[in-house]
Structures are given as structure tokens and as C-alpha cells.
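Welcome! Here is a short guided tour of one protein model, written for someone new to reading structures. Have a look at the chain first, then follow the topics one by one.

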Amino acid sequence: MYAYDAIDRELVETRVAEFREQVARRVSGELTEEQFRPLRLMNGLYLQLHAYMLRVAVPYGVLSSAQMRKLAHIARRYDRGYGHFTTRQNIQYNWPKLEETPDILAELAEVEMHAIQTSGNCIRNTTADQFAGAAADEVDDPRIWSEIIRQWSTFHPEFSFLPRKFKIAVTGAQKDRAAIKVHDIGIVIVRNDAGELGFQMWAGGGQGRTPMIAKLIRGFVAERDLLSYLEAMLRVYNRHGRRDNKYKARIKILVHELGADEYARQVEAEWARIREGVLSLPQAEIDRIRAAFDEPPFERFEGDSRAFHGKRFEDRGFQRWVRSNVKPHKKPGYAIANISLKPVGGIPGDATADQMDAVADFADRWSFGEVRVAHEQNLVLPHVRQDDLYGLWLALGAVDLDTPNIGLLGDIIACPGLDYCSLANARSIPLSQALSERFGDLDRLHDIGEISLNISGCINACGHHHVGNIGILGVDKKGEEFYQITLGGRADEDAAVGRIVGRAFDAHETVDAVETIVETYVAQRRDGERFIDTLERTGPAPFKEALYGAD
């Protein structure tokens, strides 16, 4: 893992000292809440419905066991004993006391963490494939390039006051696990015909009020040119992005209105001007960052573990967990273990302090001390020996983290909604819990198979409802909570925005409506066909008819 150098440490410690003084002025009344607002937002501190909320950055979703223990300590010492992992691979604390937030940031700095640029119209936390460095299908490790982007974008003077917030995602594989096409800039690591490493650059994706899929801007950018090309992309946006209307200020609107070809032309012109300047990446610097992500000391195995497969045969519960939660690793004899934060009836993305401590212990014992946060609001142990999976599964069960539902209907993505968020129109959490319980039978869940179900409490789409196979959007109708359903969204390499199926339902009707959609799929599917494949084959008509009756 990357470790802070002296510059990183000084930067973070200086910011903590500044914020401590700003909080003191707010607590004393010297600053009004309105005057304090831009200062707190620059440090990831929001004011929600009931309390302040602190959003802590987890760069590209990578945590050490020491960092996870610190997050557990903060949950226990400063909050109500839990944290909420988000779709931006961050963690949020919903109940910190204002006067204690500088102490929280000081404690985070001890383990090389912070809350800088988790809010505001700047470049936010760069996200990446949670299987980075472990996936068998990886062209290159996206953590290397995400770290380079992190260093370039942190406190970038030109991009600290962009027209709107800005999000970058990086994937190192053609199978997109980082949802790059619904980001402001999406980066795919590729090799060209000569075998050289480089990047596909996409721009103009995003969700929210006007969901759009990103457009390909350049098919190949060489390693040395990554930052200069990113700089050119941001400069064109910063120059022409609308600041008069925040609903039209994201880069997706600019790319749409200019057209992808014209946006790309302007980027190329800017790039030609700056390409050979100071942003050209020296190979020595690339090598320095790459060295921080050297492989851990894997043992050498010739193939799969026979003992592992024997346990799968002997224990049906273990077999079911392996089938949904364990993914292939690039090294023979190893596996990637996904830890679901979606127990039946639970709150998606929430983990208690005790659970976080337990995951840190499991990481030390079985995964070289590494933990990952997935944008689907789950955790990952990236490097587990197949021989250790059974012991890990038993240990996860002891702390209620063994739910075998990754990628299934119970693996619901949901924002905090109206229970916490001041922007929300409707509650997401009670609905997700009701749906989780309705589909809590594990045999049925596995029979239904792969479906993504995403819930957002408002059009800002923090629950990524636009790209759920089944998407649910909370809306307000004359003071009552209703839910609008979309079908056909997906966040993978074939990303698509879901389409509204019809009138919205109230909370009680929505659970039954999802049941109807699932029953329709099961009746329509062919052997081995996923929900999304059936929907794309049949179109929405049979689902609409089942929900609303024939026209």
C-alpha cells in the first residue's frame, strides 16, 4: 500500500490545525453557521437533518487493517458505534459532535487518512475496482494510477472551485467493476496494438437529475501523458462548464451540449499546448508509485486447493457463500472474499465498530492486512488462501458478516435517504429493509440469481438507482412518500440508464411491485438467463403488464 511521505503528512496535519481553529470560532459564535459552511464542507463535514455528518475519504477503496481499526475506534468513541460505507468507497459518520470533529481528523491523520475533498466543487475521491491487484482479468493495477491522480488532484489550485463536484473512476479490466461510464471521467487501462500500456478516456457520464452514459473521448493515452490529458479535460470543463445553473453545471451537460467530438477537439487542442510541460509523468515517478503496490508475499500453489473443494462438497452453507461471495484470484490457490454488509433486514453499508475490528483482524490473519471498500457498499478481503476460506467463513458468521448474497437481490444499494439526508424526498432504509426481508429466503435468492436493486431517496441518485437492474427513486407527492421504479439500468461495461415503467407506488405497494417484477422474470427467463438478459430480450412490456395490467 502507498504510505504517506513528509509532504503528505505535513499537508494533512496543517489542515487539521486550521480546521481546529475554525471549529473553535464557530463554537464560540465568532462564525455564523453560514460563514462556517464553506469551511466545514472543505473538510467533509455536512449538516444533515438531525446532526453533522463527517465523510471520510478511502482513496480508491483501499484500507489497511490499522486504518480499519481506527475507523472502528472513531465509530465507538465519537459516534454511535457504527459507520456507513458509501457508493463513493468512503465512510460516513452520522452523529459526530461538532466540537470533537478536529479530534477525529487528528486521529485519522495518525493512520494517513482525512476528509479532504469529500465535499465541494472539486475533484472528489478517485474510485477504482475493488479487486485491484487481485483480479485475474486485470491489464494493470488501477491503484497505481488512482494514487497518481490523487496526488495530482489534491488541493489542485486550478480545480478547487469547479462548476460542480467532479468524480473520476479507474478500472484495470475490460469487465467494468468501477462503473466508469457513470462518472465525470472514466478511465480504462488498456494496451495498444504495440503492447504499450495506456488509457481509454471517457467523459460526460453521471447520474442525478439528468443521467447520462459517458462518451469515449480518446482511445489511447500513453502512461506519461495521463496527467496532462486529464488536465486538458478538466480545463475545457472549467472554462465552459455552466456556473449559472447548478443543475446544468456537470461535465455531462457540457459534453452533451458541445457534442463529444467538439469537446474532444477542444481537449486535444489544449493538450497539444501543455503536453510537453511539467505534467509529463517521469518513468521514475511511475516506478516509485508502482513499487508501493508490490504484490504481497504469496505462497506458490500449483492449482486449486483440494481441501477447499472438499469443504464445498461437505457444507452446503459454505458452498452457497462461496458461490456468491468468492471470486477468482490471479494467483493459483488464492481467492477474493467479498463480505456482504447487507444482512437480511439490515441497513445497506452499515458496519458496527465490533464488525470493523473483526474485519481488521481477519485481514491481518488471512489477507496480508488489506481490506477494500466496494462501491456496492460491501467490504473485500482481496488475497485469501483457498485453504483459509472455510475458517474465514466461520469467523464471519460469528459477527453476522457471512450473508451469501453478493450480486443477488438482497445485495441492495441504498442511500441514507430521509432518515438522515436533508436533500431526500423519501426514506430509503426502511424500504430496503422490507425488501431484504421479503427476499430473505436464501434458497429463493440464489434461485432468482443475479439482479442489482438500487434505491435513492431523491433525484441526486446517491443510491445509483439509474443503473440498477431494478431502480427505485423516492419522490414526494403532496407530502407523501412514493417510489418510482425503473428497469434495465446497469453499471458495467455495457452501462445503461434504466427506464421508468409507469406510475409510482407507495411504500407498501413498492415491495409487492418488486415481487411482481421478479415473478415475471422467473416466468419469462430461459435456462441460465440473468434478469437483465431476460429484460433485454423481452423488453419491458411483460413487466408493465404484470404491474399495471394490459392497456
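What volume does the second largest pocket have? The answer is about 1200 Å³. Keep in mind as you read that this is a predicted model. The points below start with that pocket, then move on to salt bridges, one buried residue and a sheet.

**The second largest pocket**

- The lining of the second largest pocket is made up of 40 residues.
- Lys 175, Glu 376, Ile 406, Gly 407 and Glu 450 are the lining residues that lie nearest the centre of this pocket.
- Three elements give two or more residues to the lining: helix H11 (316–325), strand E11 (326–328) and strand E12 (334–339).
- Sorted by character, the lining has 15 nonpolar, 13 polar and twelve charged residues.

**Salt bridges**

- Searching the whole structure turns up 53 salt bridges.
- One of them joins the side chains of Glu 107 and Lys 70, with 2.9 Å from N to O. Glu 107 belongs to helix H4 (residues 101–110) and Lys 70 to helix H3 (residues 65–78), so this pair ties together parts that are 37 residues apart in sequence.
- Are these two partners buried or exposed? Glu 107 counts as buried because its relative accessibility is 14%, and Lys 70 counts as buried at 13%.
- Another salt bridge brings together the side chains of Arg 235 and Glu 158, at 3.1 Å from N to O. Arg 235 is in helix H6 (residues 226–240), while Glu 158 is in the loop between helix H5 (142–153) and strand E7 (168–171), so the pair ties together parts 77 residues apart in sequence.
- Here the partners fall into two classes: Arg 235 is buried, at 18% relative accessibility, whereas Glu 158 is partly exposed, at 32%.
- Asp 443 and Arg 320 also form a salt bridge, and their closest N and O atoms are 2.7 Å apart. This pair links distant parts of the chain, since Asp 443 sits in helix H15 (residues 442–448) and Arg 320 in helix H11, 123 residues apart.
- Asp 443 is partly exposed, with a relative accessible area of 40%, but Arg 320 counts as buried at 17%.
- Salt bridges can also share partners: Glu 158, Glu 231, Arg 235, Arg 239, Glu 270 and Arg 273 are joined into one network in this way.

**A closer look at Phe 85**

- You can find Phe 85 in strand E4 (residues 82–85).
- Phe 85 is buried, because its relative accessible area is 0%.
- Which residues does Phe 85 touch, not counting those up to four places away in sequence? They are Met 68, Asn 90, Ile 91, Leu 341, Gly 349, Ala 351, Met 356, Val 373, Gln 377 and Leu 379.
- Phe 85 and Glu 376 are 291 residues apart along the chain, yet 9.0 Å separates their C-alpha atoms. Glu 376 is also one of the residues nearest the centre of the second largest pocket.

**A five-stranded sheet**

- Five strands make an open sheet with mixed pairing, in the order E6-E7-E8-E9-E10.
- Strand E6 (127–128) and strand E10 (215–222) stand at the edges; each has a single partner strand, so one side of each is left without a neighbour in the sheet.
- Strand E9 (residues 197–203) pairs with E10 in the antiparallel sense, over five bridges.
- To see this pairing for yourself, look for Gly 198, which stands opposite Ala 222 in E10.

Technical notes. Residues numbered from 1 in each chain as written. Predicted model: local features only at pLDDT ≥ 70, side-chain atom pairs only at ≥ 80, totals over all residues. Heavy atoms only, no water. 1 Å grid on protein atoms, 1.4 Å probe; cavity = no way out; pocket = protein on both sides within 12 Å on 5 of 7 lines; lining within 4 Å. Points joined across faces, edges and corners; volume = space filled by probe spheres on them. Helix = DSSP H or I, 4+ residues; strand = E, 2+ residues; numbered from the N terminus. Nonpolar A, V, L, I, M, F, W, Y, C, P; charged D, E, K, R; others polar. Salt bridge = Lys/Arg side-chain N within 4 Å of Asp/Glu carboxyl O. Buried < 20%, exposed > 50% of the residue type's maximum accessible area, 1.4 Å probe, protein only. Contact = heavy atoms within 4.5 Å. Pairing = 2+ DSSP bridges.
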